[in-house]
Amino acid sequence: MKINSLFYEEFKDDILKCTLCPHQCILYPGKTGICRVRQNIKGEMYSLNYGDVTSMALDPMEKKPLFHFHPGKKILSLGTWGCNLKCPFCQNYEIAHMKPEYQKKIYPSAIPSLMENYGVQGVAYTYSEPIVWYEFVLDSSRQVKYANPDNYNVLVTNGLINKKPLRLMLQYIDAMNIDLKVFDDKSYMKILKGRLDPIKNTIKIAYEEGIHIEVTTLVVPKINDNLDELEEEFSWLASISKDIPLHLSRYFPAYKYNEPPTDINFLEETYELAKKYLNFVYIGNILSSTYENTYCPDCGALLISRKGYDIKIENLNENGECKNCGRKICIV
């Protein structure tokens, strides 16, 4: 299904420049950008993945991961194909960097009915990169809100998007989990084929717009397992808000990267360092549930216990306050 794209401009004759993300790809007729899903067809830009759903599931909110947004609820998760980064350790490379044979065609107008059938109030655009699914996500998120203003839209994203399209999309987005993959611009360019500053801008703008945000850093050996660099990241996040939840995730070999899984002892050391700056830090992709519980930063009371996807609200009242000391907790 092809549909005219948003955010591009004429470069020269029938040559176009895509302005959706910082790559600003120059597209000759017939060519696609880095993402492989935006194509110049006879001097007009088209989205090639509009309505293409390669993955659909009913997921726990915590799988996104979002620990402070409707904890314990289920959410309809949709994914397509394509991505505007080239991470060698990509966990979803089959859909991010290839075009799967299986695709289900879904129109945005059908999403509210799907949500109703599944008995959920939210939809997450996830699995591959929703930024390069821009037109569909924008149309779908509008339909979700038109159906019921209390419905919610979630982006699980690498954050590599220009400011203008980001601000338009955020009008309909309620929560985001943003990947902050490394905290070094040279590494972003050399290894991931992206840039650091646009991701930092996305985090700041989303926070300023009142979007609930959580950040994930996949700790990858020989890529970003540098405590000095990680400490810079934690300090920078804390300069925006100490209450931004941070998920430190354990890497496992995938795609083109075959280093051994992240050392758990190093993850625990990283966790303790992050806790010096941020109030809510979690470790994912390990068997222990200790590092997935939510505790009150002031009194230490257990607020939310998590054992896998068994979620229990323990000492959190309906106003989002710690029952023990009354501290307001960043829970939506």
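## Helix H3

In this predicted model, helix H3 takes in residues 134–147, a run of 14 residues whose first and last C-alpha atoms lie 20 Å apart, close to the 20 Å expected at 1.5 Å a residue. The buried residues of H3 are Tyr134, Glu135, Phe136, Val137, Leu138, Ser140, Ser141, Val144 and Lys145, a list in which the charged residues Glu135 and Lys145 stand beside nonpolar ones such as Val137 and Leu138. An α-helix has 3.6 residues a turn, so residues three or four places apart point the same way.

## Strands, a hairpin and a surface patch

Strands E1, E6 and E5 form an open sheet in that order, with antiparallel pairing. Strand E1 (3–4) and strand E5 (38–41) stand at the edges, and because each has a single partner strand, one side of each is left without a neighbour in the sheet. The antiparallel pairing of E5 with strand E6 (residues 44–47) runs over four bridges, and within it Asn40 has Met45 of E6 as its bridge partner.

Four bridges also join strand E18 (residues 302–307) to strand E19 (residues 310–313), again in the antiparallel sense. Here Lys307 is matched with Asp310 of E19 as its bridge partner, and in the hairpin of these strands, which has two residues between them, Gly308 takes a positive phi near 65°.

Phe11, which is placed in strand E2 (residues 8–12), contributes with Ile26 and Tyr28 to a nonpolar surface patch of about 320 Å². The relative accessible area of Phe11 is 48%, so this residue counts as partly exposed.

## The surroundings of Val182

Val182 is found in the loop between strand E13 (175–179) and helix H5 (185–192), and its relative accessible area of 2% makes it a buried residue. When neighbours within four places in sequence are left aside, Val182 is in contact with Ser187, Tyr188, Leu192, Leu196, Ile223, Asn224 and Glu229. A further spatial relation is that between the C-alpha atoms of Val182 and Thr217, which are separated by 7.5 Å although the two residues are 35 residues apart along the chain.

## Salt bridges

Side chains of opposite charge can pair when their charged atoms come close. The whole structure holds 13 salt bridges, one of which joins the side chains of Asp52 and Lys105 at 2.3 Å, N to O. Asp52 lies in strand E7 (residues 52–53) and Lys105 in strand E10 (residues 104–105), so the pair ties together parts that are 53 residues apart in sequence. The partners are unlike in their exposure: Asp52 is buried, with a relative accessible area of 1%, whereas Lys105 counts as partly exposed at 44% relative accessibility.

Asp185 and Arg195 also meet through their side chains in a salt bridge, at 2.9 Å from N to O. This pair links Asp185 in helix H5 with Arg195 in the loop between H5 and helix H6 (196–208), ten residues apart. Asp185 is partly exposed, with a relative accessible area of 22%, and Arg195 likewise counts as partly exposed at 38% relative accessibility.

In the salt bridge between Arg327 and Asp243, the closest N and O atoms are 3.6 Å apart. Arg327 lies in the segment after E19 and Asp243 in the loop between helix H7 (227–240) and strand E15 (246–250), so the pair ties together parts that are 84 residues apart in sequence. Arg327 is buried, with a relative accessible area of 17%. Elsewhere, Asp59, Lys63 and Lys64 are linked in a network of salt bridges.

Notes. Residues numbered from 1 in each chain as written. Predicted model: local features only at pLDDT ≥ 70, side-chain atom pairs only at ≥ 80, totals over all residues. Heavy atoms only, no water. Expected span 1.5 Å × (residues − 1). Buried < 20%, exposed > 50% of the residue type's maximum accessible area, 1.4 Å probe, protein only. Patch = residues over 30% accessible without salt bridge, like charges linked within 9 Å, V, L, I, M, F, W, Y side chains within 5 Å. Areas by Shrake-Rupley, 256 points an atom, 1.4 Å probe, with all protein chains shown as cover. Salt bridge = Lys/Arg side-chain N within 4 Å of Asp/Glu carboxyl O. Pairing = 2+ DSSP bridges. Contact = heavy atoms within 4.5 Å.
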